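Dear colleague,

Please find below the structure I promised to pass on to you. My findings follow directly after it.

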Amino acid sequence: RWVGWYTEVAAIREKLGLAPGPSLFHWKESLPYVGFAFLLCLVLPTVLRLLDDPTPLLSVFYAFVLLPVGGVMSGLSLGRRHGFCPLFTVVFVLTAKLYTNIADEILIPIAFVAALAGNLAGAAQYKLKQRKGAGAP
């Protein structure tokens, strides 16, 4: 039933000339942020591992500083623009898991919590902005 209603609402919006509603799980809204997730979770660790050959100092810096800060900031940006996008957190964690197979027990929770916290904080700001725009107290 829900799929039928969803397509009917999309058709009504199109006929009225309204902007389309949000996509299912906000997947269309999350697409621009997937590129950043790949850059942060795949390209950057590769470069850092090449640079810190004898000691893993840069890899530790990545795991405990760059990954959480990048996850929070990208989730915050997405949440501010489109509200809560659960798919972003999943994509961010999966890209972090693609590269790291040694320290999964530490990196995956860090990536999950960082992306989810940023997205929830941004979604809260988005809701407040909508309430202020609607004139609600």
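The model is predicted, and the protein chain has an average pLDDT of 82, with 87% of the residues scoring at least 70. Confidence is lowest in helix α1 (residues 2-16), where the mean is 75, and highest in helix α5 (residues 104-134), where the mean is 90.

Overall fold

The secondary structure of the protein chain consists of five helices and zero strands, and the pattern along the sequence is accordingly α-α-α-α-α. The chain has 137 residues, of which 31% count as buried. Among contacts with a separation of 6 or more, 67% involve residues 24 or more positions apart. The exposed surface of the protein chain comes to about 9000 Å², and carbon and sulfur atoms supply 72% of that area.

Helix α2

Helix α2 covers residues 27-51, which is 25 residues. From first C-alpha to last, α2 reaches 35 Å, close to the 36 Å expected at 1.5 Å a residue. A bend of about 40 degrees occurs in α2 at tyrosine 33. Tyrosine 33 is also among the buried residues of this helix, which are Glu29, Ser30, Tyr33, Val34, Ala37, Leu40, Cys41, Pro45 and Leu48. These buried residues pack against α3 (57-82) and α4 (86-99).

Tryptophan 27 belongs to α2 as well. Its relative accessible area is 41%, so tryptophan 27 is classed as partly exposed. Along the chain, tryptophan 27 and phenylalanine 88 are 61 residues apart, while their C-alpha atoms are separated by 7.8 Å.

Helix α3

Helix α3 has 26 residues and reaches 36 Å between its first and last C-alpha, close to the 38 Å expected at 1.5 Å a residue. This helix has a kink of about 35 degrees, centred on alanine 63. Alanine 63 is itself buried, and the buried residues of α3 also include Tyr62, Leu67, Pro68, Gly70, Gly71, Ser74, Gly75, Leu76, Leu78 and Gly79. Just after α3, glycine 83 adopts a positive phi of about 85 degrees.

Phenylalanine 61 is found in α3. With a relative accessible area of 39%, phenylalanine 61 is partly exposed. Phenylalanine 61 and leucine 48 are separated by 13 residues in sequence and by 9.4 Å in space, C-alpha to C-alpha.

The nonpolar core

Which residues have the most contacts inside the largest nonpolar core? They are Cys41, Tyr62, Leu67, Phe88, Phe92 and Ala111, in a core of 18 residues. The elements that give two or more residues to this core are α2, α3, α4 and α5. Its largest share, five residues, comes from α2. As a general point, nonpolar side chains tend to be buried together in soluble globular proteins.

The surroundings of phenylalanine 92 may be of particular use to you. Leaving aside residues up to four places away in sequence, phenylalanine 92 touches Ala37, Leu40, Cys41, Leu67, Gly70, Gly71, Ser74, Ala111 and Ala115. Of these partners, Ala37, Leu40 and Cys41 are buried residues of α2, and Leu67, Gly70, Gly71 and Ser74 are buried residues of α3.

Two positions in helix α4

Is threonine 89 buried or exposed? Threonine 89 lies in α4, and its relative accessibility is 4%, so this residue counts as buried, the cut-off being under 20%. Threonine 89 touches Phe112, Ala115 and Leu116, again leaving aside residues up to four places away in sequence. Ala115 is also a contact of phenylalanine 92.

Leucine 98 is likewise placed in α4. Leucine 98 counts as exposed because its relative accessibility is 61% and the cut-off is over 50%. Leucine 98 nevertheless touches Phe38 and Leu42, with residues up to four places away in sequence not counted. Leucine 98 and cysteine 41 are 57 residues apart along the chain, and their C-alpha atoms are separated by 8.2 Å. Cysteine 41 is one of the residues with the most contacts inside the largest nonpolar core.

With kind regards

Notes
Residues are numbered from 1 along each chain as its sequence is written. This is a predicted model: local features need pLDDT of at least 70, side-chain atom pairs count only at pLDDT 80 or more; totals for chains, interfaces and linings use all residues. Side-chain values use heavy atoms; hydrogens and water are left out. pLDDT is the predictor's confidence in each residue, from 0 to 100. Helices (H or I, at least four residues) and strands (E, at least two) are DSSP runs, numbered from the N terminus. The expected span of a helix is 1.5 Å times one less than its number of residues. The bend at a residue is the angle between axes fitted to the seven residues ending there and the seven starting there. Buried means under 20% relative accessible area, exposed over 50%, partly exposed in between (1.4 Å probe, protein chains only). Contact means heavy atoms within 4.5 Å. Accessible areas come from the Shrake-Rupley method with a 1.4 Å probe; for residues, only the protein chains shown count as cover. A nonpolar core is a set of buried Ala, Val, Leu, Ile, Met, Phe, Trp, Tyr and Cys residues joined through side-chain atoms within 4.5 Å.
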